Amino acid sequence: MRLIIMGPPGAGKGTQAARIAERYSIPAISTGDIFRRNLAEGTPLGQQAKTYMDAGEYVPDEVTNAMVADRLAQPDARAGWLLDGYPRTLAQVDALDTILADASIGLDAVLELVVDAEVVVDRLLKRAEIEGRADDNAETIRRRMEVYTTETAPLTRAYAARGVLTKVDGLGDIDEVTDRIFDALPG
Ligand code: AMP
């Protein structure tokens, strides 16, 4: 099973990704998590990503694409994966298409969590209090929402045109959303 989960910041992608990954016994691969881990460990990749992340901007495509290509080549990703937070730009869609074509594999589904912008901003501000993420402050949140709308929302149209997009209502109780996702995904 090869899946992508999309949706604006605060839509609940990470929470749902963990549940989907467990159901299909595949790794949930979050580019944001990989960047944060590298940041915490002070690696060159983390240092490269930091200024972009702090500002709510996207890390450059070449950096992100190389990191994902490397991650998808790991043994645990051979049988399938769920990508959370990637692709986020049309150049990343192209890079992923190349990886898929080179390996003669396809995407099974692209899941879009549909949520109300005001609700997710509230959620992100609450998460800021609980988790203390550096990029969960009001100004950066606003920028991340703008960047999502201009850079990433168009990707859902591209995947819809290919007939692989599944939209799921992401509002409401976490378990309810999980049920909706499981109903919508194959097998
Ligand atoms: P996330 O946890 O998915 O919200 O990602 C946190 C931050 O990591 C984003 O605001 C970006 O700065 C960076 N990031 C994560 N995934 C990507 C991506 N696919 N392309 C570019 N930057 C990314």
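## Strand pairing

Strand 2 (residues 28-30) and strand 3 run parallel and are joined by 3 bridges, with Ile29 standing opposite Leu83 of strand 3. These statements, like those that follow, describe a predicted model. Strand 3 also runs parallel to strand 1, and here 4 bridges join the two; in this pairing Ile5 is the residue that stands opposite Asp84 of strand 3.

## The two faces of strand 3

In a regular strand the side chains alternate between the two faces of the sheet. For strand 3, which spans residues 81-84, both faces are covered: Trp81 and Leu83 lie on one side, Leu82 and Asp84 lie on the other, and all of them are buried. Leu83, the residue opposite Ile29, and Asp84, the residue opposite Ile5, therefore belong to opposite sides of strand 3, and both are buried.

## The internal cavity

Rolling a probe the size of a water molecule over the atoms shows where empty space is left. With a cut-off of 30 Å³ or more, the count comes to 1 cavity, and the space in the largest cavity is about 70 Å³.

Its lining consists of Ile5, Met6, Gly7, Lys13, Gly85, Tyr86, Pro87, Arg88, Tyr148 and Thr152, so that Ile5, which stands opposite Asp84 in strand 3, is also one of the lining residues. Strand 1 (2-6) and helix 7 (138-161) each contribute at least two residues to this lining. By residue class, the lining of the largest cavity divides into 5 nonpolar, 3 polar and 2 charged residues.

Note on methods:
Residues are numbered from 1 along each chain as its sequence is written. This is a predicted model: local features need pLDDT of at least 70, side-chain atom pairs count only at pLDDT 80 or more; totals for chains, interfaces and linings use all residues. Side-chain values use heavy atoms; hydrogens and water are left out. On a 1 Å grid over the protein atoms alone, a cavity is a set of points where a 1.4 Å probe fits but cannot get out, and a pocket is an open set with protein on both sides within 12 Å along at least five of seven lines; lining residues have an atom within 4 Å of a point. Grid points are joined across faces, edges and corners, and a volume is the space filled by probe spheres set on the points. Ala, Val, Leu, Ile, Met, Phe, Trp, Tyr, Cys and Pro count as nonpolar, Asp, Glu, Lys and Arg as charged, and the others, Gly among them, as polar. Buried means under 20% relative accessible area, exposed over 50%, partly exposed in between (1.4 Å probe, protein chains only). Two strands pair if DSSP finds at least two bridges between them.
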